[in-house]
Amino acid sequence: MPRPIILTSHPNRGAGAVPPLNWGAADPQQRGPVIATLQNPATRNAIGTHAGSYALYRALAVASGQLRADHRPDFSNTRPAVPLGPFGAWGDPAKIVSLDPWGHLVPEVYAAELAAGQDIRPSIAVTRAHMNMPEVTQAMRAGRLAPDGEVLLPNGDVRVTKVAIEPVWWLPGVAARFGITETELRRHLFEQTGGMFPELVTRPDLRVFLPPIGGMTVYLFGEPEKLGKPETQVACRIHDECNGSDVFGSDICTCRPYLAHGIEACIEMAQEGGVGVIVYNRKEGRALGEVTKFLVYNARKRQEGGDRAEQYFQRTECVAGVQDMRFQELMPDVLHWLGITRIDRLVSMSNMKFAPIVESGIAVVARIPIPDGLIPADARVEMDAKKAAGYFTEAVPDAAELAIAKGRAL
Ligand SMILES: Nc1nc2c(ncn2[C@@H]2O[C@H](COP(=O)(O)OP(=O)(O)OP(=O)(O)O)[C@@H](O)[C@H]2O)c(=O)[nH]1
Ligand SMILES: [Zn+2]
């Protein structure tokens, strides 16, 4: 007998109401679990699946007989390595709209539901690790950082808490952030994914969406237990993924050097008794993707007069239609989730990051630009273009200065 295909695009009238989800309720029981199970579609209260973009690999694993479609995770010993929250913002439906604040506590707060056989999954995981980066050991050799045996060890290892977060969108809240209606948002999400999720337009009763996009990783330095206390000083860098620079050290941009500088600032803050926070967002190439990014690099380097700061953003726009699609409007959510109400040192020059952080109610005390000595030669063009476009700086380059930097040719 062929297995029937169950469409979830229309509610199964016989199956009863969708399990309630009161987004922003301070009590996890009143809030209710996000249920995206594939095993009993009638009990779902979310659109999409956990591990969004990896769902396709899961499909291959099931299709090739390597994974049982009815596999249930065993959550023994998976609980967070350090406690995080709850914080006040967890009970505010407008402060956090793009992640599930209870995502790391699912096996704990919904233990009864799990024991009763419901298929509910965590969307956040919290662990501990040591990390070791050449930039940190260089900073130690240069005398900028000294080991303290707690945060930074003599061999250059840094003790960190790592948090992996999957996006969970409360659609009414996401729409409100962009000043559009939920209906408009749903329609465009449906169309721009090639109709991948029909429930976006047919199931207004499902208001949570697990989008198939990259999530984020948070690295915490110092004692995470200090988060949420007003006296705790916080250093923070929000960093958007740049595989070429972050991983492979390509020198056309300032991404890895600025990330490393942010990590240094976080270590310093932790050594002073505060907490350092690095938020790493999977938004490759300003969320335009790496193919677009590399096309733009070619266009920049082949244009008449060579790779120039004046042309920097224009070239991106020619290929992508826009300069940037990172939409930092959703970015402050993770800071609220961490109980942060003030950032004492924000390691970023971007106004597109600064403005939404401040508008969301988080105070910023100081902004830390990238030190000049850390800018790779070929990234001068990018840095000048950013400063001219309004990035935080003491010296905005004028037309004459903008004409100086020229990137390497292909
Ligand atoms: N499309 C495109 N993306 C780029 C280019 N250069 C860098 N990026 C991307 O731009 C983003 C840079 O992000 P961040 O390192 O967080 O820096 P920022 O937003 O400019 O601001 P700062 O916080 O001041 O560093 C990453 O997503 C990079 O992948 C480029 O030439 N084209
Ligand atoms: Zn980069």
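Me: Let's begin with a definition: a pocket is an open set of grid points, where a 1.4 Å probe fits, with protein on both sides within 12 Å along at least five of seven lines. With that in hand, how much space lies in the second largest pocket?

Reply: Happy to start there, with the reminder that this is a predicted model. The second largest pocket has 34 lining residues, and W169, I213, A287, M325 and F327 are the closest to its centre. The space in this second largest pocket comes to about 1200 Å³.

Me: Which element gives the largest share of the lining of that pocket?

Reply: Two elements give two or more residues to the lining, α7 (182-192) and α11. By class, the lining divides into 18 nonpolar, nine polar and seven charged residues. The largest share is five residues, and the element that provides them is α7.

Me: Now for enclosed space: what is the volume of the largest cavity?

Reply: A cavity differs from a pocket in that the probe fits but cannot get out. The structure holds three cavities of 30 Å³ or more. For the largest of them, the volume is about 430 Å³.

Me: Which residues lie closest to the centre of the largest cavity?

Reply: Let's work inwards from the wall. Residues come in twos or more from β7 (234-240), α10 (255-271), α11 (284-287), α12 (290-302), α13 (312-320) and α16 (380-388), with α12 giving the largest share, five residues. By class, twelve of the lining residues are nonpolar, seven polar and eleven charged. Out of 30 lining residues, those closest to the centre are C255, R286, Y312, E382 and K386.

Me: How much space lies in the second largest cavity?

Reply: Its lining is made of W23, G24, A25, R31, A89, W90, D92, I96, P101 and W102. Sorted by class, that gives seven nonpolar residues, one polar and two charged. The space in this second largest cavity is about 40 Å³.

Me: Which residue has a polar side-chain atom 2.8 Å from an oxygen atom of ligand 1?

Reply: Good one! Ligand 1 is surrounded by 25 residues, the closest being R326, S348, M349, K353 and K386. R300 places a polar side-chain atom 3.2 Å from an oxygen atom of the ligand, while for Y312 the partner is a nitrogen atom at 3.5 Å. The residue at 2.8 Å from a ligand oxygen is Y391.

Me: What are the edge strands of the seven-stranded sheet?

Reply: Follow the order across this open sheet, β2-β3-β6-β8-β7-β9-β10, where the pairing is mixed. From one strand to the next, the twist averages 25 degrees. An edge strand pairs on one side only, and the two that do so are β2 (124-131) and β10 (363-367).

Me: Within that sheet, which residue of β8 is the bridge partner of T217?

Reply: T217 falls in strand β6, residues 216-221, which six bridges join to β8, residues 275-281. The two strands run antiparallel. In β8, the partner of T217 is Y280.

Me: And in the three-stranded sheet, which residue of β5 is the bridge partner of A46?

Reply: That open sheet has the order β1-β5-β4 and mixed pairing, with β1 (46-48) and β4 (169-170) as its edge strands. Three bridges join β1 to β5, residues 208-210, and these two strands run parallel. In β5, the bridge partner of A46 is V208.

Terms used
Residues are numbered from 1 along each chain as its sequence is written. Chains are lettered from A and ligands numbered from 1 in the order in which they are written. This is a predicted model: local features need pLDDT of at least 70, side-chain atom pairs count only at pLDDT 80 or more; totals for chains, interfaces and linings use all residues. Side-chain values use heavy atoms; hydrogens and water are left out. On a 1 Å grid over the protein atoms alone, a cavity is a set of points where a 1.4 Å probe fits but cannot get out, and a pocket is an open set with protein on both sides within 12 Å along at least five of seven lines; lining residues have an atom within 4 Å of a point. Grid points are joined across faces, edges and corners, and a volume is the space filled by probe spheres set on the points. Helices (H or I, at least four residues) and strands (E, at least two) are DSSP runs, numbered from the N terminus. Ala, Val, Leu, Ile, Met, Phe, Trp, Tyr, Cys and Pro count as nonpolar, Asp, Glu, Lys and Arg as charged, and the others, Gly among them, as polar. Two strands pair if DSSP finds at least two bridges between them. Axes are lines fitted to C-alpha atoms, for helices over the stretch in contact, and angles run from 0 to 180 degrees between N-to-C directions. A residue is near a molecule or strand if one of its heavy atoms lies within 4 Å of it. A polar contact is a pair of N or O atoms within 3.5 Å; within protein, one must be able to donate a hydrogen and the other to accept it, and residues adjacent in sequence count only if both atoms are side-chain atoms.
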